[in-house]
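Subject: Structure for your files

Hello,

Here is the structure I said I would pass on. My notes on it follow below.

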Amino acid sequence: APPRPLSPAKRLSEASPSHKNGPPAGSDKKRKVVVFDQEAEDEAAARANGDSSAQQGQQGQGQQGKRPNKLTPEQRKKAKEEALRLLPARKLLPVWAGKDAILEGIEKNDTVIVLADTGSGKTTQIPQFLVRSNIPCEAPRIVCTQPRRVAATSLAQRVSTEMGQHLGGLVGYTVRFDDRTSRGTRLKYATDGALLAEMLGDRDLEAYDVVVLDEAHERSLRTDMLMGFLKDIQRRRKDKYRAWKAAQASAKGKGRAQENGEAAPPASNGRPAVEERDPTELKIVVMSATIDAKRFSEFFDDAPVLYVQGRQHKVTVLYSAEPQPDYLDAALKTIFQIHKTYPPGAVLVFLPGQDEIESLASSIQAYLPDMEKTLPSKGSLLVTPLYAKLPPAEQAKAFAPAPPNTRKVILATNIAETSVTIPGVKFVVDCGLAKEKRYHAGTGIESLVTESISQSSAKQRAGRAGRESDGFCFRLYPEQVFNSLDKRSQPEIQRVSLTFALLHLLAAGQTDVFEFHFMDRPDKDSILFALLTLHGLDALDKQGRITSVGRQMASLPLDPVYARVLLASFAEGCPREIVDLVSLLGSKDQLLINTAATRDLAHAARQKFVHRRGDHLLLLNILRAFEELDERDERKAWCRDNFVSYKTMLAVLDARKQLRERVERLGLGEWSQSVGDEDEPVLNALVGGLFANTALRQEDGTYRHTLTKQVVAIHPSSTLHNKKAPAILYDELVLTTKTYARGVSSIEPTQIRSKAPSMFAKTMR
Ligand code: CDP
Ligand code: MG
């Protein structure tokens, strides 16, 4: 029989280069539907919604390409009603007043910078305006980046509600290990890291017509990397678009008629399906909350800055007369002072970290009964902590309204500074400090240190008090101190290890990392040190070119060091255990519930999982014990008894599933199970990537870093604290009163010599 002609759909897609990311076209089942009119769009989304709601409770299934089910009419009606209910308040947001000007600005320019105060509606509204526009083409596909995972997921939820949709339909999100998008998704919130990862498969981000870089003022490492890449991508896309236009013009007539004649066949729902998108130019929208827009504009070749007048209410700033060395005590007094003398309204207190938050929380609790007795008319205080490691259910309490006759006091780290809006805040107490990552090139030590914030951070913090009405900000430091602060915070790229960034640059095709468009160039020593580290990890050859090992590392959603551990695990015959372990490490801080109130009980409960070789094998023991139980209720009860977060454990299992799939797809090696003792292979594999995180025990009982000889102590949170090990390997160093190693395992010095890459083993003596 003669070969059957290809269906028009298939022919179209075969002629196109850009299906790397999406599902392959050609079969009805996997067809990518792009719909143009509103009604069809809603319907496509609604069908996709059915898909995602059917899967609720098992997020992260990677729904792209799955065939969605229909939403029930009641569900659709309810979603529409909810959207209508939210509309009036949205229309009052400052960016709505500038809607036309913003859209016109984006239409007329390749890149625009949008500036507006926090809470103006940038993040939730502007991407929606674009979805409903035809900039730069019909039915544009938009991705909006967020530095934080929790922001990406919660914003996607919020915006899909505002649009009368269910999450994962028209509006979705992609974060590491979790993807809620479908064929109908046109607006996606993604972490900046997730978008970077997509670039490895879609170099010019052809899956999108508009990239919105949000929270640009935060200058996160990955946002900065995206900014550098986007400049080149935009240029390449423009060239491609022009070439395509020219080809179109010359092929006019016959080609055009043929294309029309072969319009895609009706999809199963009777609507036309467009298989392939024509090339488009890429629009870039940079959104920032500070007034420091000049640098973004300059970076993007003098892109216009659109300033949206905010609706920020007046915030009265009060300074302390003297510096407050004991700022926790000062904060305590200020909180009670506010409660005593000021009108109702929640108090948001900015503190450096969890320890300070817990300490202040317990002081407040201690004084509370007294206060309630002396000031019965004032009502009570409800203390809600808010920091990244807090389990999500606990975090939610900070956002919930306080009970009647109660003032909410939110004790937060700088996560409350720009990324989340807490309703009802009228008072801000700012200690002027934040925990920040610092990196010392040369030693390669990345540490978390408490430092003074910048003036722009202090202003952001104060602004949180004026979201709903006039507010007050109490700075626990004198005005002269404020004046002496740095104007803006140092971008992350200048204060963290660059191994991830440089590996990614090289994997994405940037051959000379010194030539990359950095908005703020990291210093040369940091770049050189990172290149050396990558060379040590076998990711780069002697000429600084990426190796096949390096490419494999870059394609794993892991820090380069742990990616290397995973590759090493194949040689050691323990890839399963290492996939388990790195999945656990990804959520370690939220997995083991660790609050001041339950610390002793938790410690006692976890004794049975303690492993003599340390914290990594302890984590594996915990996972094993959990997995021995089959019933959901049993597992939940076990988690409660052992102070393990059930929700986080589910996230770990999900991350593991995705990582396993990724590893299988990459074909990295055999999934051999280690025979007999799994401990040594696991530790060997860890040394294979973490060899630079090792220290040797000295005669005086201290540990010194293998190369730099710096003294390193085992953190009190480690099960090896106060134990003797001939050598240790650790996940990270934190610098507080001492340089502490956290996440520690006991190893043999010979293990470092035999399992670390040769370059390192030679330099160590
Ligand atoms: O990005 P920007 O800070 O300019 O504002 P936004 O995040 O778009 O938020 C605009 C408004 O939407 C906020 O002031 C909140 O009132 C509301 N919103 C909300 O209620 N729930 C969310 N999850 C996000 C925003
Ligand atoms: Mg925002």
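Helices are DSSP runs of H or I with at least four residues, numbered from the N terminus. With that in place, α7 is followed by Gly164, whose phi is positive, near 75°. Please note that this is a predicted model.

Helix α7

α7 covers residues 149–162. At 1.5 Å a residue its 14 residues should span 20 Å, and the end C-alpha atoms are 20 Å apart, so the expected and actual spans agree. Which residues of α7 are buried? They are Ala151, Ala152, Thr153, Leu155, Ala156, Val159 and Ser160. In an α-helix there are 3.6 residues a turn, so residues three or four places apart point the same way. The cover over the buried residues of α7 includes α6 together with β2, β3, β4 and β5.

Ligand 1

α7 also takes part in the surroundings of ligand 1: both α6 (122–131) and α7 supply at least two residues of the shell. The greatest contribution comes from α6, with four residues. In total 13 residues surround the ligand, and the closest are Gly119, Lys122, Thr123, Thr124 and Arg158. By class, nine residues of this shell are polar, two are nonpolar and two are charged.

The eight-stranded sheet

One open sheet has eight strands in the order β4-β3-β5-β2-β6-β7-β1-β8, and its pairing is mixed. β4 (178–180) and β8 (305–307) stand at the edges with a single partner strand each, so one side of each has no neighbour in the sheet. On average, neighbouring strands here are turned by 20° against each other, direction ignored.

Within this sheet, β3 (residues 171–175) and β5 (residues 187–191) pair in the parallel sense over four bridges. Tyr173 stands opposite Tyr189 in β5. Two helices that pack on the sheet are worth listing:

- α8 (residues 192–199) touches β2 (142–146), β3 and β5, and its direction makes about 100° with that of β5.
- α9 (residues 221–250) touches β2, β6 (210–213) and β7 (283–288), and its direction makes about 150° with that of β6.

The six-stranded sheet

Another open sheet has six strands, ordered β9-β16-β13-β10-β12-β11, with parallel pairing. Its edge strands are β9 (315–319) and β11 (380–386), each of which pairs on one side only. Here too the average turn between neighbouring strands is 20°, direction ignored.

β9 and β16 (residues 471–475) run parallel and are joined by five bridges. The bridge partner of Val315 in β16 is Gly471. Helix α15 (residues 455–463) packs on this sheet and touches β9, β10 (346–350), β13 (425–430) and β16, with its direction at about 150° to that of β13. α13 lies across β11 and β12 (406–412), running at about 175° to β11.

Leu360 in α13

Helix α13 spans residues 354–374 and contains Leu360. Is Leu360 buried or exposed? A residue is buried if 20 or more other C-beta atoms lie within 10 Å of its own. Leu360 has 24 C-beta neighbours inside 10 Å, so it counts as buried. Leaving aside neighbours within four places in sequence, Leu360 is in contact with Leu328, Ala331, Leu332, Leu351 and Leu411. Of these contacts, Leu332 is 28 residues away from Leu360 along the chain, and the C-alpha atoms of the two are separated by 7.0 Å.

Regards

How values were computed
Residues numbered from 1 in each chain as written. Chains lettered and ligands numbered in written order. Predicted model: local features only at pLDDT ≥ 70, side-chain atom pairs only at ≥ 80, totals over all residues. Pairing = 2+ DSSP bridges. Axes fitted to C-alpha atoms, helices over the stretch in contact; angles between N-to-C directions. Contact = placed C-beta atoms within 7 Å. Near = placed C-beta within 6 Å. Nonpolar A, V, L, I, M, F, W, Y, C, P; charged D, E, K, R; others polar. Expected span 1.5 Å × (residues − 1). Buried ≥ 20, exposed ≤ 12 C-beta atoms within 10 Å, placed from the backbone.
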